[in-house]
Amino acid sequence: MIGKPRLAIVGNGMATSRLLDELVQRRGHERFDVVVFGEEPGGAYNRILLSKALADGRSEEIVLKDACWYEQHGIELRSGERIVGAKGRTLLTEAGAVEPFDKLVLALGSVPIVPPLPGIRREDGSLKPGAYVFRTVDDCLSIRAAARRGTKAVVIGGGLLGLEAAKGLCDLGADTTVVHLMPTLMERQLDATGGEFLATKLTSLGMSIRTSTSSKAVLGEERVEGLLLSDDSRIACDLLVVACGVRPRIDLAQAIGVPTERGILVDDRMRVPGLADIFAVGECCQHRGSCYGIVAPIWEQAKVLADELCATDDRAAFAGYRLYTKLKVADVEVASLGAIEAETAEDEVVQIREPHRGVYRKLIVRDGRLVGAQFVGDTQAAAAALRYFDRGDQLPENRLELFCDGAVGATSEPVDVEICNCRNVGKKRLEEAIVGGCDSVESLSCATGAGTGCGSCRGELARLLAQRRRPVPKPEAPIAAAP
Amino acid sequence: MQLPTLHAPATTVRTHCPYCAFQCGMRLTTGDAAAVTIAPDAEFPVNAGQMCVKGFTSGDLLSSPDRVTSPLLRDAAGAWREASWAEALDFVAQEFIRIRQADGPAAVACYGSGALTNEKAYLLGKFARVALKTPNVDYNGRYCMSSAAAAQNAAFGVDRGLNFPVEDIAGARTVLLWGSNCADTLPPIMQWFDKQRAAAGELFVVDPRRSATARAADLHLQLTPGSDLALANGMLFVAVEENLIDRDYLAERTVGFEQVRQLAMQYYPPHVERLTGVRESDLRRVVRQMASGPSMLLSGRGPEQQSKGTDTVLAMINLMLALGKIGKPSSGYGCLTGQGNGQGGREHGQKADQLPGYRLIENDADREHVARVWNVTPEDLPRKGLSATESVGAIGPGGIRGWLSLANDLAVSAPNANWAGERLADLECLVVCDSFPNETSRYAHAFLPTLQWAEEEGTMTNLEGRVIRRRPALLPPDGPQSDLWILRELAERLGEGDRFAFDSPAEVFDELREATRGARADYSGITYQRIDNEEGVFWPCPDESHPGTPCMFETRFAYSDGRARCVPVAHRPAGEEPDEAYPYWFTTGRYREHYNTGAQTRRVAKLAEAKPVPRLQVHPRTARRHGLDADGYVLAESRRGAVRFRIEITPDTRPDVVFAPFHWGGRDAANVLTSATLDPKSRMPEFKISAVRLSPAPDEEELGEAAPVDASQRTRKELV
């Protein structure tokens, strides 16, 4: 009997979840016997919402696919089963089972980088009690359980994830310090000035920031008691969160002879070069030299891979991704896209610093087009910048216009707007009449004729009156009256 | 041209405006002079004494010199000649019989309208199925709110534009008006938003343009065309993330939310910001405000006229269900229906897949019920037919050869107008029933003149689902006849006269009541008398003692288990997105002064003077980039055609979006540019999104090779 080909997917994170959606859309789950091996128990969950799990301690909401979903779509889910090797067209599980496949997708994800600090691990290799990585729902729930008002917490790493964790800890009432190796925060998304503005903001929210600081050792016998820094100073803490970034998981790939560099190598169709029927997707793969740790490009990869597997679109190709990042931290607005510094002599840089407002904005322009932008403290213009960035449109000649795009203001009002359609009365004439003394809808109608036809503009007349009547704010009275 | 014979002495009749779905109450006074005076009706609660300039000037149509008063047929040279009714009707019937014999009954199609009264819409559906025996009947509502209709049916099990009376708007704390420029298209509705805002409510508008409506709002979300679905899912993400969803409501009144949530949780704000161009801060502000009290989401054609229109509306409904807002006071989802009887027109069987009362033509019990009322056997009823755009595509040898068109102007309203014109020119027999010549009648073989709104009787169902009466205020001129009479006469000639022997609209309405008895849109308890007494009656109204249903879904939805369906829906690109060759989004809409294809309003002097031509809205920066002059012309080209527009340079549109109204035909037709990509669920064409490029156009009429092909030049069959 000839069965359907077996598609084995190793890993059950967000990339797999999206790949399964894309496969189902293309009826790929009918074309293949799909089996998914996942290490974490249960279905895939949404890592975007990790900080929500940290904030309110609920994990059910971040589930992307529950076990039912797999069952409904006839997909075999083998959660809690680790794949340790492969031989020919079979996979070996930790429990010793041999699983055949016709096509293999590696979606192994990434692992948090834990710096080899003395004292960070116990003898068995596990993290010392009190030390955590910020990666899984369980990590979040454990951190949440450990953090109390007054808990002293240290976060190693001042990147996106580290700051997210630090703010979460702050919000739980922990006395939080961020220790960052580089001179400024979020240096992959922000230039030095941006990083400094961000540090100022975070400090004002009660966080301690130590930049240009490297750690030497984790203190404490049984559990974490503090962090020893390279200048031999110490920070006492009960809770240590390591957020030093992630690296693609490639151990299994290496074990079974799949080519890797930083990640598993893939081409534009997510195929592993030189190996028929083996693919990789998500954080574990390396495409044209880049590994991605955010979801948007990974979704695009999943789509391309689904087209490849189901033969639904032979032109589908993953062409790389231009990053847009926002810091997901309440009350702290940071957005960044593209280049962070001028890269050629011709690149033009527009910078606006507003220290009192805590706002820093920067554009990098090449040939009249936006190639990078940073926003700290005010991300209102980020959406507009993103549009220019994505479309490659010429920026306004006056670059500052970009910061007002779409804002309500004098520039977005047409010269005159017809308010009364029946009597053809424009806004200008009405405003003149109001300045001339009309103070009610009736007197305005009388003077201009507006509102005497169908009457549907009377609301607009009232609004105009209210706008014009709004008193001009008086300068504040001096504290001490002049003699 | 003969002037209408007027009632004397002066009488005042309460009726409704001929145009949009708001159906403003108006008082028509006829006196001893030729003039008709029109005033808004302060007693009708919907417009409450207001009316827009279109309604005020609608009386001009009654004395328009363009009115056709005699049936017209083509002479040997292809020019129109006047004919008697008997000759014209015989000709049409013989042609349809000839085509039916040669190519089968499905070769004749009927194409109706949301401008038809309920009685006419009902009778047209019956005429197609019983007299012509064709499955192919559809109508221009397919181009109007079919996506919202499909979505409401899927979510609630029934589709009524608004689930509440418009007065409820005044009590909403928040209104999210999505892709509707109602300040221009339904001006009298603005009074309800004024009241709502006077009571400290907030009004948010989603539109790629800073329209008149957007200017009136507290916050304008100027989104990227085609990203509405992503925006709605993004709002749901925020609602879940910020714990603003109503879990009890979801558990008690809906099914399927878990799957929706799992999908929506992929729409995290920066991703949505990128897809939609809407700031995260605005996204959050809207959702928080909506969750904070009674709130409404009202959609217009913007999100609906897309190849994912149905899914987009489903995403909006998911959001409102998640916030627990549907079926509660001054809350819910609503579709601002466009055409005068867009609501009733979609209920009574002029849709390819439906029978009266929203009964389904593929459902056996529904077929049986309607067959009994029509005195035919269920087996005699055709099955499901082709939708509007598909019917146009099916014109040709071996496909559709004959076409009966009532109260619409397909040549202007269809997407990819050049293509649609070519298809219509290929018909063997095109019959147009209307009061005025239009673009479609250029291709016609017979023109049958009909009555205007102020001359006829019937019922309309406004955007609230309120059934109201159109009342005759004056006698028609000699010549034109009612559509009902025309259908009856044709049925007679097709050998089915006994099933169409109605002497008045009221008799048709009585049969309609029977046909809808027990159906989702149940009219069986509605009578002309009750409509008079109650300022309209809201369906469903299953018997004469039933009060009607102003607010729907208060306790249950129309599915048998009483629960609403949450349907997971994902964003996807439009059928055509801008690229290097065609870098701008082109989108369409309406002017305050004109109504739909403009066949009526372009004939009213005051309106035509105010807006004589369509202008392409271009952002100043875009204009500068292409060297476009404020007083000049711009050539907009898509992959399907080109139109030379006068330009309107305005910062009200985005630099990457250009806009034109679609009220004109021929070489000014915006729809020359649009694409016929269809929504797979509603068969709605993607009017709101196509890709164009821009260049300066010469002032002179000489347009060179890029000249748009004037549809009217393709055929000799000019209307004289």
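## Exercises on strands and an interface

In chain A, strand E1 (residues 6–10) and strand E7 (residues 103–106) form a parallel pair with four bridges. The model is predicted.

**Exercise 1.** Place E1 and E7 of chain A in their sheet and state which strands stand at its edges.

*Solution.*
1. Start from one residue pair: A:Val10 lies opposite A:Leu106 in E7(A).
2. Extend to the sheet, which is open, has five strands with parallel pairing, and follows the order E3-E2-E1-E7-E19 in chain A.
3. Read off the ends: strand E3 (76–79) and strand E19 (278–280) of chain A each have a single partner strand, so one side of each lacks a neighbour in the sheet.
4. Add the twist, which averages 15° from one strand to the next.

**Exercise 2.** Which strands of chain B pair with E26(B), and in what sense?

*Solution.*
1. Strand E24 (residues 615–618) of chain B pairs with E26(B) in the parallel sense over four bridges; here B:Gln617 has B:Glu648 as its bridge partner.
2. Strand E25 (residues 633–637) of chain B is joined to E26(B) by five bridges and runs antiparallel to it; B:Glu637 is opposite B:Ala642.
3. The connection from E25(B) to E26(B) is a hairpin of four residues.
4. Of the eight residues of strand E26 (residues 642–649) of chain B, six are buried, so the strand is largely enclosed by the rest of the structure.

**Exercise 3.** Describe the side of chain B that touches chain A.

*Solution.*
1. Contacts link 35 residues of chain B with 30 residues of chain A.
2. Helices supplying at least two residues each include H6 (190–198) and H8 (228–241) of chain B.
3. H11(B) gives the most, four residues.
4. By type, this side of chain B has 15 nonpolar, nine polar and eleven charged residues.

Conventions: Residues numbered from 1 in each chain as written. Chains lettered and ligands numbered in written order. Predicted model: local features only at pLDDT ≥ 70, side-chain atom pairs only at ≥ 80, totals over all residues. Pairing = 2+ DSSP bridges. Axes fitted to C-alpha atoms, helices over the stretch in contact; angles between N-to-C directions. Contact = placed C-beta atoms within 7 Å. Nonpolar A, V, L, I, M, F, W, Y, C, P; charged D, E, K, R; others polar. Buried ≥ 20, exposed ≤ 12 C-beta atoms within 10 Å, placed from the backbone.
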